[in-house]
Amino acid sequence: MKITAIETVVVNAIHRNWIFVKVVTDQPGLHGWGEATLEWKTRAVTATVEDLKPFLIGEDPARIEHLVRRMTHFSFWPLGSIGLSAVSGIEQALWDIKGKALGVPVWQLLGGRVRDKVRVYTHLRRAKIGAQVGTDDVSAFCDAVQETVEMGYDAVKLGFVPYSGYDAPLPTVRHVEKLAAAVRERVGDGIDIMTDFHGRPQSIDAAKAYIDAIAPIRPLFVEEPIQPGNTPAMADLARRVDCPLATGERLFTPREFAEIAETRAVAYIQPDLAHCVGFSGGRRIAAIAEAAGIGVCPHNPMGPVAGAVALQFDVATPNFVIQEEAVGLVPWFRDICSAYPLDLVDGFWRAPEAPGLGIEIDEAAAARHPFEQEIIPAMEAGLSDGTVTHW
C-alpha cells in the first residue's frame, strides 16, 4: 500500500476555518481523515501540508512513526505551531487508514479501551456563535449557564476574567467574585465548572487575585491563568493559590510538557492533538503526565474530525479526565459528516466501534462552506487606555 495523494478540505466555521486533511492510498476507496485546524493561520497550514507531500508520496502509510520522523526530521528547521499542525493532521489520517485497513477502531491500535465512555464539557451555550452572553449582567449570564447544563452536560467551561494588564483592579476582582459565586449557586455542587483565563493576566499577582476570587466555588481547574511557556512562573503561581491549574493547548512538544511535569506546575495538562503531532505526540505527552500524577484534559474547540480523534485518544488514555468539545459552534456541525461518532449521552461520548476514526467527511456538503476570511474575535482585545493585550 502506498500514499498517492494528500489533499486539504477547508470549511469555514465563522471564527475559524476547519482544515481537514485527506490522505489517499492506492487501495481503491481507502483513505484517511485528519484535522489540522489552527485559528487564523489557514493559508499557512494548508501550504505547509503541500510542502510536506514530497516526504510522503509513494510511502507506506502503515509506517506511521517512520513517516512522522520523515516530516519532522527532513524539514530541517524546527516546526512551530503551523508546521506541527500540518504534521498532526496528516498523522491522524494515517491512523484512520490503518484502522480501516485492519477493520478496527483506532483505540484498538493504541492498546485497547481503558474506559467505555468519555466525559465531555462544553462552553456557554455549546459555543454557539452569536449566542454568547457578556459577564456584566450576572443574572443573564447565569441563565445561559443553566441553559447549557440543561442541554445534557454536567461540566461547563466559562470565561470570568476580562482583558487584563499587570494589575487586577479591585472593582473588577469583586465583580468576578460575585459572578462566580452566582453561577455556583445557580447550578449547584453537582456541576463541574472550569474557567479559562486565556493567559490574560500579565503578572502572577494579577492572576492570583482573580484565582483567589474564583477559588471558593471550587472549580475543576483554572485554565491558562498566565501566558504559556513560562513554566517557572506557572509553578510559582500554583504554589500560591488554592485552586487546580491547567495549561497545554499552546504547548506542542514532549519537552515542553516534561518541564511542566518536572515542576508539577499544573494539576492538568491540555494537549491539542491537532497541534502536538496527533496520536504519536499525544501518547508521549500523556505518559509524561501520568508519571508525574497529572491528569489529561485535551483541548478541542474545533471541528468534527478533531473531536473524533480526541474520542479515540481518550478511550485509550489511562490518565484522561475530561474532554473539551464545541459541537454547537455552527448549526450544521454534523451535516458535513456522512458518519459521525460524537453523540452526547448523559454528558458522555461512547466508545466508537467503527473502523478507523469512525468519521467520514461528506465533501459535497463541506464544499457548501468554502474558505472565507474568519471573523477574528482576538482583534477586540485591548485595555481602556488603548493598550493591546492578550485575547
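**Exercise 1. Strand β2 and its partners**

How many bridges join strand β1 to β2, and do the two run parallel or antiparallel? Work out as well how β2 sits in the rest of this predicted model.

*Solution.* Start with the pairing on one side. Strand β1 (residues 3–12) and β2 are joined by nine bridges and run antiparallel. To find your place in this pair, look for Ile3, which stands opposite Thr25 in β2. The hairpin of β1 and β2 has four residues between the strands, and Ile14 takes a positive phi near 75 degrees there.

Next, turn to strand β3 (residues 31–35). β2 and β3 pair over five bridges, again in the antiparallel sense. Here a handy marker is Lys22, whose bridge partner in β3 is Trp33. In the hairpin of β2 and β3, five residues lie between the strands, and Gly29 has a positive phi near 80 degrees.

Now check the two faces. In a regular strand, side chains alternate between the two faces of the sheet. On one side of β2 you will find Asn17, Ile19, Val21, Val23 and Thr25, and on the other Trp18, Phe20, Lys22 and Val24; all are buried. Nine of the nine residues of β2 (residues 17–25) are buried, so the strand is largely enclosed by the rest of the structure.

**Exercise 2. The nonpolar cores**

Which residues of the largest nonpolar core touch the most other members? Then follow the contacts of Ile90.

*Solution.* As background, nonpolar side chains tend to be buried together in soluble globular proteins. The largest core here holds 119 residues, and those touching the most other members are Trp18, Phe20, Val23, Ile90, Leu158, Phe160 and Ile269. Helix α3 (residues 81–102) supplies the largest share of this core, eight residues.

Take Ile90 as the worked case. Leaving out residues up to four places away in sequence, Ile90 touches Ile6, Val21, Val23, Val49, Leu52, Leu56 and Met71. There is also a second, separate core of nine residues, and among them are Ala155, Met194, Leu220 and Ile322.

**Exercise 3. Two residues to place**

Is Ser85 buried or exposed? Ask the same of Tyr153.

*Solution.* Begin with Ser85, which is found in helix α3. The cut-off for buried is under 20% relative accessible area, and Ser85, at 0%, is buried. Beyond its neighbours within four places in sequence, Ser85 is in contact with Ala36, Leu38, Val45, Ala274 and His275.

Move on to Tyr153, in the loop between α5 (138–149) and β5. With a relative accessible area of 3%, Tyr153 is buried. Its contacts, apart from neighbours within four places in sequence, include Val120, Tyr121, Arg126, Ile191, Glu325 and Leu344.

**Exercise 4. Unusual backbone angles**

What sign does phi take in Phe76, and is this residue buried or exposed? Do likewise for Glu224.

*Solution.* Recall that most residues other than glycine have a negative phi. Phe76 has a positive phi of about 65 degrees although it is not a glycine. This residue lies in the loop between α2 and α3 and counts as exposed, at 67% relative accessibility.

For Glu224, phi is positive too, near 45 degrees. Glu224 is in the loop between β7 and α8, and with a relative accessible area of 1% it is buried.

**Exercise 5. The two largest pockets**

Which element gives the most to the lining of the largest pocket, and which to that of the second largest?

*Solution.* First, the largest pocket: about 1,700 Å³ of space lies in it. Its lining has 48 residues, with Asp196, His198, Arg200, Pro377 and Trp391 nearest its centre. β5 (155–158) and α6 (170–187) are the elements that give two or more residues to this lining. Of these, α6 gives the most, with four residues. By class, the lining has 21 nonpolar, 14 polar and 13 charged residues.

Then repeat the steps for the second largest pocket, with a volume of about 510 Å³. Of its 18 lining residues, Thr72, Leu84, Thr253, Pro254 and Val277 are the closest to its centre. Two or more residues each come from α2 (64–73), α9 (254–263) and α10 (278–291), and α2 gives the most, with five residues. This lining has nine nonpolar, five polar and four charged residues.

Methods:
Residues numbered from 1 in each chain as written. Predicted model: local features only at pLDDT ≥ 70, side-chain atom pairs only at ≥ 80, totals over all residues. Heavy atoms only, no water. 1 Å grid on protein atoms, 1.4 Å probe; cavity = no way out; pocket = protein on both sides within 12 Å on 5 of 7 lines; lining within 4 Å. Points joined across faces, edges and corners; volume = space filled by probe spheres on them. Nonpolar A, V, L, I, M, F, W, Y, C, P; charged D, E, K, R; others polar. Buried < 20%, exposed > 50% of the residue type's maximum accessible area, 1.4 Å probe, protein only. Pairing = 2+ DSSP bridges. Core = buried A, V, L, I, M, F, W, Y, C linked by side-chain atoms within 4.5 Å. Contact = heavy atoms within 4.5 Å.
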